[in-house]
Amino acid sequence: MDEAVGDLKQALPCVAESPTVHVEVHQRGGSTAKKEDIRLSVRKLLNRHNIVFGDYTWTEFDEPFLTRNVQSVSIVDTELRVKDRQPIDLSACTLALHIFQLNEEGPSSENLEEEAENIIAANHWVLPAAEFHGLWDSLVYDVEVKSHLLDYVMTTLLFSDKNVNSNLITWNRVVLLHGPPGTGKTSLCKALAQKLAIRLSSRYRYGQLIEINSHSLFSKWFSESGKLVTKMFQKIQDLINDKDALVFVLIDEVESLTAARSACRAGAEPSDAIRVVNAVLTQIDQIKRHSNVVILTTSNITEKIDVAFVDRADIKQYIGPPSAAAIFRIYLSCLEELMKCQIIYPRQQLLTLRELEMIGFLENNVSKLSLLLSEISRKSEGLSGRVLRKLPFLAHALYIQAPTVTIEGFLQALSLAVDKQFEERKKLSAYI
């Protein structure tokens with residue numbers, strides 16, 4: 001118990017103690033090295049690099065042992081606590097090392113059989129999964145969104161470990177992310193599950209993510225048998241019973257619950273359907289009592305979420321379209337990737353928004369391209385994260401069509417692609 005609480009203390013933000021720096025160590029899939037040996041070698045590496053500026057990743061090592069057994073060593077999530085890019089003295093910090101190997105198997109389906117029909121009720125991943133590797137970093141929001149979600153889950157586990165009386169202080173282990181389509185809510189849920197499976201790897205041997213197929217579960221056809229809902233949640237219960245596993249249950253588009261109940265009340269569907277929905281809520285109430293489970297939900301239509309469910313959610317986090325600052329960071333990551341792949345060539349250094357602020361957005365030979373990217377980011381406001389990630393591809397396909405392009409040429413194409421996106425949106429709205 002003391003060791004588990006210690007893990008949580010490391011993961012929670014420090015108040016009066018030395019700051020905690022999280023280091024994620026990606027152990028190679030074929031490696032059989034002991035974690036303690038890897039831990040010692042990584043600490044030697046960090047001792048040789050005491051000062052870092054924010055997040056940093058090593059992929060090449062001088063030590064043969066690390067080269068053989070470790071894919072990467074990453075200092076992560078420093079921006080969640082420190083907004084300014086200030087040097088971090090690792091010798092003055094508490095280092096929390098998280099050593100993990102990725103599961104390469106991919107998702108499996110949870111099938112339920114009914115009258116010779118095979119119903120895919122859920123998809124199931126063992127975490128950390130190769131499919132979600134890097135997803136957390138690719139999602140750009142205001143800093144507080146990610147840190148609040150991490151802190152929430154850490155607090156639920158701490159309260160459970162300390163045996164806080166849930167009759168006096170209540171928490172339900174339920175997170176609700178809501179907002180317009182395309183803002184990355186489902187991806188954020190998956191990324192959060194992956195991040196926590198890594199962050200708590202010393203406490204839980206692995207994570208489990210079960211994504212419930214809402215459309216199948218709450219359809220008229222499927223709702224004729226409430227027994228199947230019970231079967232599905234019994235499978236989830238079996239996973240939860242393994243106390244070495246941290247289990248995440250993801251219910252996408254949870255407003256489907258409301259749609260089913262509303263249709264029943266209007267007499268449009270058989271009364272059995274409402275029993276199915278009530279069974280889901282009852283099952284959620286049962287599994288949330290376990291200390292190793294977190295229920296993650298999303299909704300695109302906030303006003304239609306079932307009140308009975310909203311009351312169960314501890315955190316109701318709005319996920320909206322990215323701000324201009326977030327868009328700048330998204331575009332910057334895209335440009336870095338294209339330069340790494342030498343589609344944009346030669347490589348040129350771009351300034352961050354923080355660095356532009358430090359020089360007062362003054363234009364010179366060093367800042368010119370970054371200022372142009374900032375201008376493109378401002379005029380991209382209103383576009384969803386899903387669309388923004390497609391725009392670099394569309395910019396190349398529509399306006400470049402060459403193996404390589406300079407960064408100046410690419411930014412011009414990106415600006416045109418943004419304009420075209422808004423023109424197409426205007427034309428589409430005329431028909432709606």
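Begin by selecting Tyr56, which is partly exposed with a relative accessible area of 44%, where buried stands for under 20% relative accessible area, exposed for over 50% and partly exposed for what lies in between (1.4 Å probe, protein chains only). The model on screen is predicted, so local features need pLDDT of at least 70 and side-chain atom pairs count only at pLDDT 80 or more, while totals for chains, interfaces and linings use all residues. Residues are numbered from 1 along each chain as its sequence is written, and side-chain values use heavy atoms, with hydrogens and water left out.

Add Trp58 to the selection; at 8% relative accessibility, this residue counts as buried. Rings of Phe, Tyr and Trp (its six-membered ring) pair if their centres lie within 6.5 Å, with planes under 30 degrees apart counted as stacked, over 60 as edge-to-face and the rest as tilted. By that rule there are three aromatic pairs, and one of them joins Tyr56 and Trp58 edge-to-face, at 4.8 Å centre to centre with 70° between the planes. Another is formed by Trp125 and Phe132, a tilted pair at 5.2 Å and 55°, in which both Trp125 and Phe132 are buried.

Turn next to strand E12 (residues 293–299), in which seven of the seven residues are buried; helices (H or I, at least four residues) and strands (E, at least two) are DSSP runs, numbered from the N terminus. Val293, Ile295, Thr297 and Ser299 point one way from E12, whereas Val294, Leu296 and Thr298 point the other way. Which strands should be shown beside E12? Strand E9 (residues 174–178) pairs with E12 in the parallel sense over five bridges, and strand E11 (residues 245–251) is also parallel to E12, over five bridges, two strands being paired if DSSP finds at least two bridges between them. To follow individual partners, select Val175 with Leu296 of E12, then Ile251 with Thr297 of E12.

Finally, select helix H12 (residues 324–340), whose end C-alpha atoms are 24 Å apart, in agreement with the 24 Å expected for 17 residues, the expected span being 1.5 Å times one less than the number of residues. Its buried residues include Phe328, Tyr331, Leu335 and Met339, and among the elements covering the buried residues are helices H13 (353–358), H14 (368–379), H15 (385–399) and H16 (407–431), contact meaning heavy atoms within 4.5 Å. Cys334, also in H12, is buried at 11% relative accessibility. After H12 comes Gln342, whose phi is positive, near 60°.
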